[in-house]
Amino acid sequence: QVQLVESGGGLVQPGGSLRLSCAASRNIFSINAMGWYRQAPGKQRELVATITSGGTTNYASSVKGRFTISVDNAKNTVYLQMNSLKPEDTALYYCNARVKQGSRWYDYWGQGTQVTVSS
């Protein structure tokens with residue numbers, strides 16, 4: 001089991017920045033991958049960025065160059081630095097942890113944190 005607690009969302013003007021945090025309840029070294037997903041009203045949840053335990057990152061094309069995912073192993077926390085925010089980035093952002101046990105993969109989700117980009 002992994003509990004995830006997100007923080008850092010809020011209201012920001014276009015062009016602004018926010019940093020989201022996701023604290024995991026267990027050692028991040030034991031988690032195969034962590035990531036951020038988002039869901040806007042009326043849309044499906046979509047991948048924003050992921051990072052593996054080996055440090056490999058992956059970004060949605062819509063955020064590449066603007067968002068950066070990183071991990072602080074000492075704090076068991078994953079971050080999403082969001083710069084040059086656009087109104088279309090407005091969504092509920094969820095933290096995800098993916099763990100492999102035997103041959104099965106398990107996904108764990110946080111409760112979500114709202115990001116609103118508006119003037």
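Here are some questions and answers about this predicted model.

Residues are numbered from 1 along each chain as its sequence is written. In this predicted model, local features need pLDDT of at least 70, side-chain atom pairs count only at pLDDT 80 or more, totals for chains, interfaces and linings use all residues, and side-chain values use heavy atoms, with hydrogens and water left out.

Me: Happy to start with the open sheet of 4 strands: what is its strand order?
Reply: Strands here are DSSP runs (E, at least two residues), numbered from the N terminus, and two of them pair if DSSP finds at least two bridges between them. Pairing in this open sheet is antiparallel. The order of its 4 strands is 1-3-8-7.

Me: Which strands stand at the edges of that sheet?
Reply: Each edge strand has a single partner strand, so one side of each is left without a neighbour in the sheet. The strands in question are strand 1 (4-7) and strand 7 (67-72).

Me: Which residue in strand 8 stands opposite Ala-23?
Reply: Strand 3 (residues 18-24) and strand 8 (residues 77-82) are antiparallel partners over 6 bridges. Opposite Ala-23 in strand 8 stands Thr-77.

Me: How many residues apart in sequence are the parts that Cys-22 and Cys-95 tie together?
Reply: Cys-22 and Cys-95 form a disulfide with sulfur atoms 2.0 Å apart; the rule asks for a pair of cysteine sulfur atoms within 2.5 Å. Cys-22 lies in strand 3 and Cys-95 in strand 9 (residues 91-101), so the parts tied together are apart in sequence by 73 residues.

Me: Is the disulfide of Cys-22 and Cys-95 left-handed or right-handed?
Reply: Both cysteines, Cys-22 and Cys-95, are buried (under 20% relative accessible area, where exposed is over 50% and partly exposed in between, with a 1.4 Å probe and protein chains only). The torsion about their S-S bond is about -85°, so the disulfide is left-handed.

Me: Nice! Which residue takes a positive phi in the hairpin of strand 9 and strand 10?
Reply: Strand 9 pairs with strand 10 (residues 104-109) in the antiparallel sense over 6 bridges. Their hairpin has 2 residues between the strands, and the positive phi, near 65°, belongs to Gly-102.

Me: Finally, with which side chain does the side chain of Arg-66 make a polar contact?
Reply: Arg-66 is found in the loop between strand 6 (57-59) and strand 7, and is buried, with a relative accessible area of 11%. A polar contact is a pair of N or O atoms within 3.5 Å; within protein, one must be able to donate a hydrogen and the other to accept it, and residues adjacent in sequence count only if both atoms are side-chain atoms. At 2.8 Å, the partner of the Arg-66 side chain is that of Asp-89.
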